[in-house]
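Work through the exercises below with the predicted model in view. Try each task before reading its solution.

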Amino acid sequence: VGGDLFEGIPLSRGRVGMAIGDVVGRGLAAAKMMAHLRPALRAYALEGEPPALVAQQMAHFVRTLDRDQMSTCVYAVLDPSTGELRCANAGHPPPLVLTGDGRADFLASKPGLPLGVTADYDYPEVRSTLAPGSTLLLYTDGLVEKRGEPLDAGLERLREVAASAPVESLDELCDRVRGALVREAPRDDVALLAVRMLAPDSGPLELELAAE
C-alpha cells in the first residue's frame, strides 16, 4: 500500500497528458491521499489548462485536504503533431529524455515546491521538443534513491542504464531499467511511465505504462 500515482490522459486536438507523482510517506495515509489526487488531476487536466496551471490547481486542492500532507508530481502535455512538450514539476525528480541515437539527458527544469506546501504558488513551466524516436521516461524516487547515497548518484545511474537499454520495446526498456536499479525488495514504491514519439510513417504516438 503506497502513494505513487501515474496517468496517461487523452486530451483535445490529439494531445496527451502524462503525470507521475509520489505522496510523501507510506501506508494507508499515503494511499488515501493518492486516491484523492488521481481523479482531481485527471479532472483538471481534461479542462485543457497548461501544466503550470494544473500544478497550481493541484497545490490548492491538496491544501484543502490535509495541511500536513504533501506530494511531488510532474505533469506534462505532449503534442504528437509537433513534438512540443510542456512540463511543470512540483518537487519531483526530473524526467529523462532518450533520443533515437542513444543519448539520455534529464529535461532541464527547475522543480517547484511539492504540492501541499502552499496553496498559492506559480509553478515554472518548461517547453521542449521531442524528436521522432525519442522516449520520455517519468519515474518516482523509489527508482533512484538508495540509503546512504546522494540522489545525484541515483540519477546518474538511471541515465547510464537507460542509455544502454534496448529501445525496440517500451516494456523491455522499463523492465531493463527496473531490473538494473531495483535489485532487492524496494524500500519505497516504484512507478515508471514511458512515452515514445514514433517516426511520421508509424503513427503519431506510442504510449505504454509500466508500474511496480
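Axes are lines fitted to C-alpha atoms, for helices over the stretch in contact, and the angle between them runs from 0 to 180 degrees between N-to-C directions.

**Exercise 1.** Describe how helix 1 and helix 2 cross.

Solution. Start with the axes: those of helix 1 and helix 2 come within 10 Å and cross at roughly 145 degrees. Next, the hand: the crossing is right-handed. Then list the residues that meet. Helix 1 brings Met 33, His 36, Leu 37, Ala 40, Leu 41, Tyr 44 and Ala 45, and helix 2 brings Val 54, Gln 57, Met 58, Phe 61, Val 62 and Leu 65. Sorted by class, this contact has 11 nonpolar, two polar and no charged residues.

**Exercise 2.** Which residues of helix 2 are buried, and what covers them?

Solution. Helix 2 spans residues 51-65 and has 15 residues. Its buried residues are Pro 51, Ala 52, Val 54, Ala 55, Gln 57, Met 58, Ala 59, Phe 61 and Val 62. The cover over the buried residues of helix 2 includes helix 1 (27-46), strand 3 (71-79), strand 4 (84-90) and strand 7 (125-129).

**Exercise 3.** Place Met 58 in the largest nonpolar core.

Solution. This core has 26 residues, and Met 58 is one of those touching the most other members, along with Leu 37, Leu 41, Tyr 75 and Leu 115. Strand 1 (4-10), strand 2 (16-23), helix 1, helix 2, strand 3 and strand 4 each give two or more residues to this core. Helix 1 gives the most, with eight residues. Finally, leaving aside neighbours within four places in sequence, Met 58 is in contact with Leu 37, Ala 40, Leu 41, Tyr 44 and Leu 115.

How values were computed: Residues are numbered from 1 along each chain as its sequence is written. This is a predicted model: local features need pLDDT of at least 70, side-chain atom pairs count only at pLDDT 80 or more; totals for chains, interfaces and linings use all residues. Side-chain values use heavy atoms; hydrogens and water are left out. Helices (H or I, at least four residues) and strands (E, at least two) are DSSP runs, numbered from the N terminus. The expected span of a helix is 1.5 Å times one less than its number of residues. Buried means under 20% relative accessible area, exposed over 50%, partly exposed in between (1.4 Å probe, protein chains only). Contact means heavy atoms within 4.5 Å. A nonpolar core is a set of buried Ala, Val, Leu, Ile, Met, Phe, Trp, Tyr and Cys residues joined through side-chain atoms within 4.5 Å. A crossing is left-handed if the near helix is turned anticlockwise from the far one by less than a right angle, and right-handed if clockwise. Ala, Val, Leu, Ile, Met, Phe, Trp, Tyr, Cys and Pro count as nonpolar, Asp, Glu, Lys and Arg as charged, and the others, Gly among them, as polar.
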